[in-house]
Amino acid sequence: MTIAIAEDNRMAREAVLSKLAPYPDVQIAVMAANGSELVSGLAERKVDLVLMDIEMPLMNGIEATKQVKERFPGVKVVMLTTFDDEEKLFDSVLAGASGYLLKDEPGEELYKAIGHTLAGGASMSASIALKTLNFIRESGRASAEPCILSDRELEVLQGLKSGQGYKQVAAALSISEGTVRKHVENIYRKLEVNNKVSAINLAAGKRWLA
């Protein structure tokens, strides 16, 4: 198993290396301090899987995951982060991540997750898996209702659901980024939510989104 580690914090990098040291079948081919370094490294060295931090300078882990999946589709990505909030989880999955682990996972669990992911599975920390199940349950409870969003608001939300950022949504709809943000504000107000994940989850549960 040949892997890459993308992590800007030196102590965190050393912690990952220490956890994987007992497993000689895990070879570290690329070490990167940000997403840009990672993508450059993958162009030079073949790896099977990336352990990806989220908050990094120059290019964060979510954007880096998108680029990795576009340029190196055979490479698996597992997020390894301190963040357990829904929006980062949701954005990571949309970007193409095959797993989402918290940094406090012990070495044995990290090793198992790497093998499980490379075998075609999806690895998640227990608390993250619970959040995911809650998303599904909440979506399933909502029944189809008359849509309270305008056609344009639905187009904006559909773009966000597909993984586009505000700038990409604006370009696709031929409107300004500021207009997109205004639509998002209106969506939050109408749905009585305060983040993108909740808005998408609620609208999808009500069958307003494709």
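Just after helix 10, R207 takes up a positive phi of about 65°. The model is a predicted one, and helix 10 is a handy place to start looking around it. This helix covers residues 196-205, and seven of its ten residues are buried, so the rest of the structure largely encloses it. The buried set is made up of K196, V197, A199, I200, N201, A203 and G205. At the N-terminal end, the cap on helix 10 comes from N195, which places a side-chain oxygen 3.2 Å from the backbone nitrogen of V197. V197 thus turns up twice, as a buried residue of helix 10 and as the partner of the capping side chain.

Part of the surroundings of helix 10 is helix 4. The two pack at an angle of about 70°, and their axes are 8 Å apart. Since angles from 65 to 115 degrees count as roughly perpendicular, helix 4 is roughly perpendicular to helix 10. On the helix 4 side the contact is made by E86, E87, F90 and D91, and on the helix 10 side by K196, V197 and I200. Sorted by character, the residues of this contact come out as three nonpolar, no polar and four charged. K196, V197 and I200 also belong to the buried residues of helix 10.

Helix 4 (residues 86-95) has another helical partner in helix 3 (residues 61-71), and here the axes come within 8 Å and cross at roughly 15°. With an angle under 35 degrees counting as roughly parallel, helix 3 and helix 4 are therefore roughly parallel to each other. Their crossing is right-handed. Helix 3 brings I62, T65, K66 and K69 to the meeting, while helix 4 brings K88, D91, S92 and A95. The residues of this contact split into two nonpolar, two polar and four charged.

D91 deserves a closer look. This residue sits in helix 4 and appears in the contact with helix 3 as well as in the contact with helix 10. Its relative accessibility is 16%, so D91 counts as buried, the limit for that label being under 20%. Once neighbours within four places in sequence are set aside, D91 is in contact with I62 and K196. I62 is one of the helix 3 residues that meet helix 4, and K196 is one of the helix 10 residues in the other packing contact.

Turning to the strands, V50 lies in strand 3 (residues 49-52). V50 has a relative accessibility of 0% and so counts as buried. Not counting residues up to four places away in sequence, V50 touches A4, L38, L42, V75, K76, V77 and V78. A97 is 47 residues from V50 in sequence, and the C-alpha to C-alpha distance between V50 and A97 is 9.5 Å.

K19, in helix 1 (residues 10-20), gives another kind of setting. At 23% relative accessibility, K19 counts as partly exposed. Leaving out neighbours within four places in sequence, the contacts of K19 are K103, D104, E105, P106, G107 and L110. K19 and E153 are separated by 134 residues in sequence and by 46 Å in space, C-alpha to C-alpha.

Technical notes: Residues numbered from 1 in each chain as written. Predicted model: local features only at pLDDT ≥ 70, side-chain atom pairs only at ≥ 80, totals over all residues. Heavy atoms only, no water. Buried < 20%, exposed > 50% of the residue type's maximum accessible area, 1.4 Å probe, protein only. Helix = DSSP H or I, 4+ residues; strand = E, 2+ residues; numbered from the N terminus. Polar contact = N/O pair within 3.5 Å; in protein donor to acceptor, adjacent residues only side chain to side chain. Axes fitted to C-alpha atoms, helices over the stretch in contact; angles between N-to-C directions. Parallel < 35°, antiparallel > 145°, perpendicular 65-115°, else oblique. Left-handed = near helix turned anticlockwise from the far one by under 90°. Contact = heavy atoms within 4.5 Å. Nonpolar A, V, L, I, M, F, W, Y, C, P; charged D, E, K, R; others polar.
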